[in-house]
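Here is a short tour to read with the structure open beside you. Take it one stop at a time and turn the view as you go.

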2 protein chains.
Amino acid sequence: MSKYSICLDIGGTKVLGAIFDEDLKIVHRIKKKTKASEGFKNVEETIITVVRELLSGYGIDISQVEAISAGAPGAINSDSGIVLFSPNLPWRNYEIRKAIEDVFGIPFYIGNDVNLGVLGEWKYGCAKGLTHVVGLFVGTGLGAGLILDGKLYTGNDYKGAEIGHMVLNIEGPTCNCGQRGCLEAFSSKTGMMDYIRLQVKHGRSSVMEKYIPDGVFKSKEMRAAYEAGDAIMTEAIDRSCLYLAVASGILVNTFSPEMIVFGGGVMEAMGDIMLEKIVSKVGTYCWPSIRDTVKFSVAGLGDDSILYGALALIVDRKK
Amino acid sequence: MSKYSICLDIGGTKVLGAIFDEDLKIVHRIKKKTKASEGFKNVEETIITVVRELLSGYGIDISQVEAISAGAPGAINSDSGIVLFSPNLPWRNYEIRKAIEDVFGIPFYIGNDVNLGVLGEWKYGCAKGLTHVVGLFVGTGLGAGLILDGKLYTGNDYKGAEIGHMVLNIEGPTCNCGQRGCLEAFSSKTGMMDYIRLQVKHGRSSVMEKYIPDGVFKSKEMRAAYEAGDAIMTEAIDRSCLYLAVASGILVNTFSPEMIVFGGGVMEAMGDIMLEKIVSKVGTYCWPSIRDTVKFSVAGLGDDSILYGALALIVDRKK
């Protein structure tokens, strides 16, 4: 009697875990820190621990679980369950499916986290019923996913949809990936932090400067600074939105999608403010005749988009 | 006994027509000037004239023709045979299929010209057997086509793949479409002409300046100037290739395609020189791990890519 599904959102610093019931609702959830830098065994052990804690916390047995499914960063072969490479996790050609199935004896599915985020929004969120959907997920980095012709598009070797690294200004700021002027270098939290760092270096002052040593800030701190009228944070947000608009324009012209969905931590915290800024600018960077039929939306499932996308992998296999 | 197919490549200034035999080889061809500015009836009449001249020139009857198929610029609903809009032809929601079928009494198919160019290269040219292919066709304008997951991608309302109008520099030169810094504004013949015009205005001299009043030059004249060492023509070509490399980088990261095909008149005349310039720069604008599995090729069918794509529409319907 398998009535539950366990879904995971595996990040470089944390694993989110949730139990879904057969009505596809989350009935229990936990969050656990990962130490990716300590090697893949550690991440794998974290996954195993999260699954066990979910089971015991909700008081069910693994025999009541249909399957386990996870989203993780990187190029992932969803058919074989092999992580080809991952920028933030220490995995390369790693047979994670086999490792997890050996422990629990039930099916384990895995896909790229942001791809699954868009899949989740398309199956259960704000993009339900559409055929062509682009998703941009803004957080520490900037990931993307594509639903094209009613199907998740992953490209050759599952390496496609790296839209966060489209070069929007060949003389732009250096990105973590080594390129210059990537969308991520302008619009992610990392890109905004770089902007803040530069301004502070030039003698200006911001409430966000205390986060410079760590190189990272929480999205809610960003919102607080914006609402307090911090000039540098506001400029960083405006610049982020400008380049999200430029990228959206390119994506409108390239795909003629029905919707562009904005997800991730930044959009969960700031979507109401940022979506308006993006949409007001996007018309300058695409054709009106194409843009007219595109909707722009903040992710309907919030922080749970990836969990729901992982759920979709289980539901789709059952069909 | 239908053994022939008639295929057309309808442009703003000319119609190319060809008869294909049942071995899918071109057995007869003609070229005819169009006067698109005189209204759609004129273009329609040109198509009818071209078909009739093809038949009489090769000495066959319409009853020996399976179908007529055409590529034309614009957003075209291939399923209904309606041209939604066309930038260079005076058509809007025009039922061209019905008009032509009423005259000849055999099926007429139509699709976007550059989409068909990529389809042609995928079915019969340099991209045969691949699954994910991006095509960039460089001429007076800059068109594109996408084969994704083994299928021509056209997006919502057949408006997708307007990759020539992706904005690569928000402060770049003004494009005919009204945007600034489009790929087309840098890399098409129009973009190169703009560069030449600006340099000449600044007091420099080029063998190409005689084409400034008309705003257009032939691709072979461009090659002659390049081979004669004309500095401004060379700079315009280098700039064209730089932005084709930036765009290719974006397309590599977005699609992880197996191949990017470069077609159109400019590539037919200059492909050997320009492909090398593009490929040498593209690595700076995409991820090496994705780029490693992408091939770059000049169109294998040359000026006939679109005719072969139109042929594919006929062959695919017969299946």
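## Two loops with positive phi

Leu24(B) sits in the loop that joins β2 (14-20) and β3 (26-33) of chain B. This is a predicted model, and in it Leu24(B) takes a positive phi of about 65° even though it is not a glycine. Is Leu24(B) buried or exposed? Neither label fits: Leu24(B) is partly exposed, with 14 other C-beta atoms within 10 Å, where 20 or more would make a residue buried and 12 or fewer would make it exposed.

Further along chain B, have a look at Asp149(B), in the loop between β10 (142-148) and β11 (151-152). Its phi is near 50°, again a positive value in a residue other than glycine. Asp149(B) also counts as partly exposed, with 14 C-beta neighbours inside 10 Å.

## Helix α2 in both chains

In chain A, helix α2 (residues 96-104) has Ile96(A), Arg97(A) and Ile100(A) as its buried residues. They lie on the same side of α2(A), because the arc they cover around the axis is only 100°. After α2(A) comes Gly105(A), with a positive phi near 70°.

Now switch to chain B, where Ala99(B) is part of helix α2 (residues 96-104). Ala99(B) has 16 C-beta neighbours inside 10 Å and so counts as partly exposed. Which distance separates Ala99(B) and Glu44(B) in space? From C-alpha to C-alpha they are 8.0 Å apart, although their positions lie 55 residues apart in sequence.

## Domains of chain A

The domain assignment splits chain A into domain 1 (4-113 + 304-318) and domain 2 (126-300). Taken over C-alpha atoms, the centres of these two domains are separated by 26 Å. Their contact draws six residues from domain 1 of chain A and six residues from domain 2 of chain A.

On the side of domain 1 that touches domain 2, strand β5 (residues 75-77) of chain A provides the largest share, three residues. Sorted by class, that side of domain 1 has three nonpolar, two polar and one charged residues.

## The nonpolar core

Nonpolar side chains tend to be buried together in soluble globular proteins. Here the largest nonpolar core has 219 residues. Leu136(A), Ala247(A), Leu136(B) and Ala247(B) are the members with the most contacts inside it.

Ala247(A) makes a good place to zoom in. What does Ala247(A) contact, leaving aside its neighbours within four places in sequence? The partners are Ile163(A), Met166(A), Leu168(A) and Leu183(A).

## How the chains meet

Finally, step back to see both chains. A turn of 180° with a shift of 0.0 Å along the axis lays chain A on chain B with an RMSD of 0.0 Å. That is the relation of a two-fold axis.

The contact between the chains takes 35 residues from chain A and 35 residues from chain B. On the chain A side, α7 (231-255) and α9 (288-291) each supply at least two residues, and α7(A) gives the most, with six residues. That side of chain A divides into 16 nonpolar, 13 polar and six charged residues. The copies meet through the same surface, because 100% of the interface residues of chain A are also interface residues in chain B.

Note on methods:
Residues are numbered from 1 along each chain as its sequence is written. Chains are lettered from A and ligands numbered from 1 in the order in which they are written. This is a predicted model: local features need pLDDT of at least 70, side-chain atom pairs count only at pLDDT 80 or more; totals for chains, interfaces and linings use all residues. Two residues are in contact if their C-beta atoms, placed from the backbone, lie within 7 Å. Helices (H or I, at least four residues) and strands (E, at least two) are DSSP runs, numbered from the N terminus. Ala, Val, Leu, Ile, Met, Phe, Trp, Tyr, Cys and Pro count as nonpolar, Asp, Glu, Lys and Arg as charged, and the others, Gly among them, as polar. The arc is that of the directions from the helix axis to the C-beta atoms. Domain bounds come from an automatic or database domain assignment. A nonpolar core is a set of buried Ala, Val, Leu, Ile, Met, Phe, Trp, Tyr and Cys residues joined through C-beta atoms within 7 Å. Copies are superposed by least squares on the C-alpha atoms of residues with pLDDT of at least 70 in both.
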